[in-house]
Amino acid sequence: MLTVLQRIVEAVNQAPDLDSALGLIVQKARAALGSDVCSVYLADHDAQQFILMATEGLNLDENDRVTLAFGEGLISLAAQREEPLNIANATEHPNFKLVESVGEEAYRAMLVAPIIHQRKVLGVLAAQQRKARAFSAEEEAFVVTLAAQLATVIAHAEARGLVSGHYSPWLRNLTGLPGAPGVAIGEAFIGKPAATLGSVVPRRTEFPWREIHKFRKAVLQTRMELRTLAEQVAEYVAEDTLAIFDVYQSLLDASSLGDAVESKIKDGWMAQTAVKMAVEDFVSKFEDLDDSYLRERAVDVRDLGQRILSFLQDKNGSKPNFPDACILIAEEVTASMLAGVPRNKLQGLVSLQGSANSHAAIMARSMGIPAVFGVSQVPLGYLADQHLIVDGYSGEIFVNPPQQLMQEYEILRKEEFELAEMVADHREDEACTLDGIAVSLQINAGMNVEHDQQRLGHYEGIGLYRTEIPFMMRERFPTEKEQYDLYRPVLESTGSLPVVMRTLDVGGDKPLPYFPIHEENPFLGWRGIRMTLDHPEIFLVQVRAMLRANIGLDNLQILLPMITTLDEVDESIRLINQAYFEVRNELLHSQPGAVVNRPKIGVMIEVPALLYQLEAVAKKVDFFSVGTNDLTQYLLAVDRNNSRVAGLYDSFHPALLHALQFIVDRCRELNKPVSICGEMAGDPGGALILVAMGYRSLSMSTHNLDKTRWILRHLDSEIMQTLLGKVMQCTHPDQVRRIVRLKLEALGLGGFVRAGK
Ligand code: PEP
Ligand code: MG
């Protein structure tokens, strides 16, 4: 039975359109069951009826349209009850409805199974037999299993059918999970993962000249690309940074890398293989050099190699042609994909996988790009080059929308810009409520590609610097010097304002390409502090780099991620102290005047177990920072990246709200500073609730800074306390959301939680 099922699902998956998919289903299911009839009815929820879409056995004329109103017949009954019906003589059932036009009178036995996708009844699968008899338990189980498997297939095929405009002049809409607020209008562009040297499988060639020709063409394209890139960024980056493009150009010269690659090709290797070999040779030579500047160039050589490789792998040999208003679409959007689209063209993004809580979504929010995640109903290719509206508030995506809808969204988008300008005009104001409660607003850094300190206005430092991102962008662990070079400008960038640097938090959905961790449950596995404490050599190098970068600035604070036990706190502090004494002693000799200070140390509250150990941990550390992203995930036992359970992941869940209230109250009793650095802090409703609870320090992506400041300046204690009282009585996150939304609307702040002003 299993093989029959698999074959049916596979065949249907390959079908080019919805009609053929449904035709195949009924044909193959009838054959497998040996029944006289097998049919699929699909629900049209707008018209409140079921449509007989495909049948094997009934007389459905091509031009006929057979429908059953919702509530009519056994088809409706199975759908309504959301369970199968197995009836020996359907004609005797009070709900039986005869459809004469298809010659139904002859059939008595009926087995109907609802087809349900994500709790929604899409239709029913029905088998019929002339002879009155109950279908066997095995037959019933088969039809139920088939219907469950086909639900996804039909959901996909339905979307495909709609995209191709077969059933509707335009696709009503696809729905995913809101990932980053805002409205985007543009053309879909399918993003591909970047080429990597590591993925090239060595291959030989019989035609070296052909390969040399390909290579030279790719070099030419790389040169042109570099020239354009240099021109594009010239106005944003410093002169010395631009010099990197000259280095790249000279490396491409025939006397340098070019020569090495061509000689490998002449040895009989294909162009891609030769690039991989020559680049890796160069990289190891550079890495062995004593001069630190030249050693750094290894990274550039590798980057250059990958650029050439991407041209070699591109079948058309052309560089991506981004539409002017580009909506980036990918199976799973990655950081480098995001960075690869010119910022002035990037309007929005859609990631078929992942959810609003993934790090890619956090990055989109930090860049202010409307995003929708977890759009499982549609295969990637079908969105290519389509015109889209992406509503990052509701999670809706409109494909090839009609003019009228387009105009409505244009107006909403214009209003969004106006709102953003209005709040930006007040960015120098302090963040305090109408009755004078001051809230310290800080920024989360490390995830966003761009950094424009000028545009931040009034803020009080970096509340979370995620160090893992630079680790993820490399092909090996960065050295102490490389890390120093990364951290120093970050510490310098805030003047004397504090910078909370979090030690490496890899694992979970942040894998390092050069340090793969294979686990069944990565979020419950070797993540954050658990991994780094097992590798003190990695932890110590990182802390040493931070301490050295802090010399003379003294605004560093160190934050420990994923702390679960007191032992982890002790061990981390022991290592930090060790690094501190090492750096201090080394400096006594090399820079006698330099003062190394021991920074404040804090712990993230993101594992629920910590809630019950606050007192003991508070004795050992200087501050706490609540990571609501992971606290939500672990308190509710919902994988933050799994779109199937994303509906359950909600920071407004009553359990989380009570936990957050408990934390802030407890920290006040313990006299320990606590801030919030999870995404909830930058959510308009979330910030409101948190400040009402008593939090006075919120760290968020730069993009949310202006609006949070604006919202706080329109609130007072009375409004907040009344709201908090209601919210804490709620038993469902949707109730909380509704109460908060109504309050914001009443205060004229509704434009921060939906499209428009
Ligand atoms: C969190 O978990 O809330 C947090 C800030 O850390 P991250 O999102 O990087 O896991
Ligand atoms: Mg976390």
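Select the residues of the shell around ligand 1 and colour them by type: 4 are nonpolar, 5 are polar and 8 are charged. Keep in mind that this is a predicted model.

Now narrow the view. There are 17 residues around ligand 1, and Arg466, Arg502, Gly627, Asn629 and Arg640 come nearest. Label those five.

Next, look for oxygen atoms on the ligand. Start with Arg502. A polar atom of its side chain lies 2.8 Å from an oxygen atom of ligand 1. Move to Arg640. Here an N or O atom in the side chain is 2.9 Å from a ligand 1 oxygen. Then pick Thr628. This time the backbone takes part: one of its N or O atoms lies 3.1 Å from an oxygen atom of ligand 1.

Turn on the protein surface. How much of the accessible area that ligand 1 has on its own does the protein cover? The protein covers 100% of that 290 Å². Where does ligand 1 sit? Ligand 1 is in the largest cavity.

Switch to the cartoon view. Select α11 (359-367), β16 (462-466) and α19 (628-636), the elements that give two or more residues to the shell around ligand 1. Which of them gives the largest share? That is α19, with 3 residues.

Finish with the domains. Colour domain 3 (429-442 + 628-676 + 678-756) one way and domain 4 (461-602) another. Each of these domains supplies at least three residues to the shell around ligand 1.

Note on methods:
Residues are numbered from 1 along each chain as its sequence is written. Chains are lettered from A and ligands numbered from 1 in the order in which they are written. This is a predicted model: local features need pLDDT of at least 70, side-chain atom pairs count only at pLDDT 80 or more; totals for chains, interfaces and linings use all residues. Side-chain values use heavy atoms; hydrogens and water are left out. A residue is near a molecule or strand if one of its heavy atoms lies within 4 Å of it. A polar contact is a pair of N or O atoms within 3.5 Å; within protein, one must be able to donate a hydrogen and the other to accept it, and residues adjacent in sequence count only if both atoms are side-chain atoms. Accessible areas come from the Shrake-Rupley method with a 1.4 Å probe; for residues, only the protein chains shown count as cover. On a 1 Å grid over the protein atoms alone, a cavity is a set of points where a 1.4 Å probe fits but cannot get out, and a pocket is an open set with protein on both sides within 12 Å along at least five of seven lines; lining residues have an atom within 4 Å of a point. A molecule sits in a cavity or pocket if more than half of its atoms lie within 2 Å of its grid points. Helices (H or I, at least four residues) and strands (E, at least two) are DSSP runs, numbered from the N terminus. Ala, Val, Leu, Ile, Met, Phe, Trp, Tyr, Cys and Pro count as nonpolar, Asp, Glu, Lys and Arg as charged, and the others, Gly among them, as polar. Domain bounds come from an automatic or database domain assignment.
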